[in-house]
Amino acid sequence: MNEIYFNADAGYLEGIVRGYRDGLITAPQYLNLTQCETMDDLKLQLATTDYASFLQNEPSPMSTSTLSARCTDALVAEFQYLQQNAAEPISKFLDYITYGYMIDNVVLLITGTLHERDTHDLLEKCHPLGFFDTMPALCVATTVQDLYSTVLVDSPLAGYFRECLSAEDLNELNIEIIRNTLHKAYLEDFYAYCQNLGEPTASIMADIIRLEADRRTVNITINSFGTELSKDDRAKLYPRLGNMYPEAQTRLARVDDMDQVKAILEQYGEYKAMLLGVSLNSTSGSSGGNELSLEDRFFSKEVQLNKDSFEQQFHYGVFYSWLRLKEQEIRNIVWIAECISQQQKDKINNYTSIY
Amino acid sequence: MSEKTSNPASIDNQLFELFDCVAEYQQLRSSSNILLRQAFFDLASAKRSAGYQWISPDLYSGRAHAIATVSIGEEHPIDMRVVRNNSRIDNGNEKGQGGDREKTDGGLKRRSRRRLSSDESEHAKLTASGDEDEEDLPGDTEKPDKKQRSVAVNDPLLWFGMLVPPTLKAAQSGFVSSLDKFVQLAQLKHRLVQQQQALQEAMAGTTA
């Protein structure tokens, strides 16, 4: 029955997003990009893509940070078109997607205020997809209680702050805990919301969100080595969903090095396959031309799931998947640009091709 | 010109010393290039991993100050040394304390600086470049075998959060290590110029 009424609400937008999907850079185009010698060459090659209008007015030489910003502008423009033309229930789904960016903006503003940065500069650097009305007032808060009671209580993030209210003052450690706790609450809430949307959205989004939860679990574990974060605090940051919940997460919370992480992941079939040929001591392409890191494998897996979501119709997962694929594409372009500008041609192929 | 400096054998020795110095300079330059190149690459990897929004100049602290400087002797410019601020505070004193709050006239609440050890306001210890104790590098903030782990309060890595990718830590380590090599390069360059001048004077003395 969903198929009968879906097009009435979201058929136009699904057509739009499938058109966006067709505009993603293909493997032959990536090959052309990797053969560029300078940033100007890269800009010329990108003139045949969806980023052309956003890059054409940028003066040469263009930096990689500018390239990243302009590509993000292109993504934001396309997503905002979807939002502006969406009605319930698809508009709520698109709003849910933006909550992740809102969390990042909140943390950016709090961190910048803690480091005595100018608030106007900070507001300009916030992600446009995560902007909400009371965001500028974040700069005056100094405790989590202030943060909640003065600013966030009327924002979409209010419900995610319940688990953060035990933190007192805002310092580096607490901000990191707040950030990851918010993302955890958001992921769990988004998962529950998608389950209520019914099939096929529920099953498609379940796979994608579970992978995201697993990726966050592994990243939190690896990044917490050698920091002040205690093992108990680390465990509290893991999302309560995913293939690693709860058994693997309980064990990952106790590990101290990469070898132990690998030993745990190898006991799970799908992650054992992911670990084949991975150098755990290297990260994104830093070790050599063909060695992949665990993070690259997660990116590849995520890309595969997001591509697969387009194989079905009449579900909302295509919107989320297109956004994630577009972000991966931007990541690829900027990586290629960095390798060109740093003349690291042997590592330029460490991107995750989409089509 | 003395007979000693105009002696062909002496000139030969000076020439060999110059060549050795050039070779040392080139070797050091090559190693520092490799170190810097890897550090910039690690930084790019960290940006890709954590997100370009999270590792950018936008997160630099507004009260950032240099934690490493190069002192140059006034009488002997070749006497260059890396001076590092090794101030640390105990984790036990800092934990749970967000610092005192005070209101400014503009209504924007600010945190006062955390109380630091008295060493921070004094001149830092002199450390000879090239003989740097690796354990004192700002990037090394953790020593798991210590009961009370100290945290470098001025560690720039904290600007980007507590859970930064390992590549960012590697990049920081690379940039910190390369500073010593730059000072060595400057000293070598100065020595090269001096040797070159001495050699030219010696050769001029033989032809006179």
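**Exercise 1. Two helices of chain A**

At what angle do the axes of helix α10 and helix α15 of chain A cross, and within what distance do they come?

*Solution.* First, the ground rules. This is a predicted model, in which local features need pLDDT of at least 70, side-chain atom pairs count only at pLDDT 80 or more, and totals for chains, interfaces and linings use all residues. Residues are numbered from 1 along each chain as its sequence is written, chains are lettered from A and ligands numbered from 1 in the order in which they are written, and side-chain values use heavy atoms, with hydrogens and water left out.

Step 1. Locate the helices: α10 covers residues 201-223 and α15 covers residues 294-309. Helices (H or I, at least four residues) and strands (E, at least two) are DSSP runs, numbered from the N terminus.

Step 2. Read off the geometry. The axes come within 10 Å and cross at roughly 170°. Axes are lines fitted to C-alpha atoms, for helices over the stretch in contact, and angles run from 0 to 180 degrees between N-to-C directions.

Step 3. Classify. α10(A) and α15(A) are therefore roughly antiparallel. Angles under 35 degrees count as roughly parallel, over 145 as roughly antiparallel, 65 to 115 as roughly perpendicular and the rest as oblique.

Step 4. Find the residues in contact (heavy atoms within 4.5 Å). α10(A) contributes Ile204(A), Leu211(A) and Arg215(A), among others. From α15(A) come residues including Phe298(A), Glu302(A) and Leu305(A). By class, this contact has 9 nonpolar, 3 polar and 7 charged residues. Ala, Val, Leu, Ile, Met, Phe, Trp, Tyr, Cys and Pro count as nonpolar, Asp, Glu, Lys and Arg as charged, and the others, Gly among them, as polar.

**Exercise 2. A pair across chains**

Describe how α16(A) meets α2(B).

*Solution.* Step 1. α16(A) spans residues 317-341, and α2(B) spans residues 8-50. Their axes come within 11 Å and cross at roughly 175°. The two helices are therefore roughly antiparallel.

Step 2. On the α16(A) side, Arg331(A), Trp335(A), Glu338(A) and Cys339(A) make the contact. On the α2(B) side, the residues are Phe41(B), Ala44(B), Ser45(B), Lys47(B) and Arg48(B). The tally is 4 nonpolar, 1 polar and 4 charged residues.

**Exercise 3. Two serines**

Which residues do Ser68(A) and Ser32(B) touch?

*Solution.* Step 1. Place Ser68(A) in helix α5 of chain A. That helix has 21 residues and reaches 30 Å from its first C-alpha to its last, close to the 30 Å expected at 1.5 Å a residue.

Step 2. Ser68(A) is buried, with a relative accessible area of 9%. Buried means under 20% relative accessible area, exposed over 50%, partly exposed in between (1.4 Å probe, protein chains only). Other buried residues of α5(A) include Leu67(A), Cys71(A) and Phe79(A).

Step 3. Leaving aside neighbours within four places in sequence, Ser68(A) is in contact with Val334(A) and Tyr52(B).

Step 4. Ser32(B) lies in α2 of chain B and is buried at 2% relative accessibility. Not counting residues up to four places away, Ser32(B) touches Lys181(B), Phe182(B) and Leu185(B).

**Exercise 4. Disulfides**

How many disulfides does a search of the whole structure find?

*Solution.* Step 1. A disulfide is a pair of cysteine sulfur atoms within 2.5 Å. The search finds 0 over all chains.

Step 2. Check Cys339(A). Its sulfur is 12 Å from the closest cysteine sulfur, in Cys36(A), too far for a bond. Cys339(A) is buried, at 2% relative accessibility.

Key. The expected span of a helix is 1.5 Å times one less than its number of residues.
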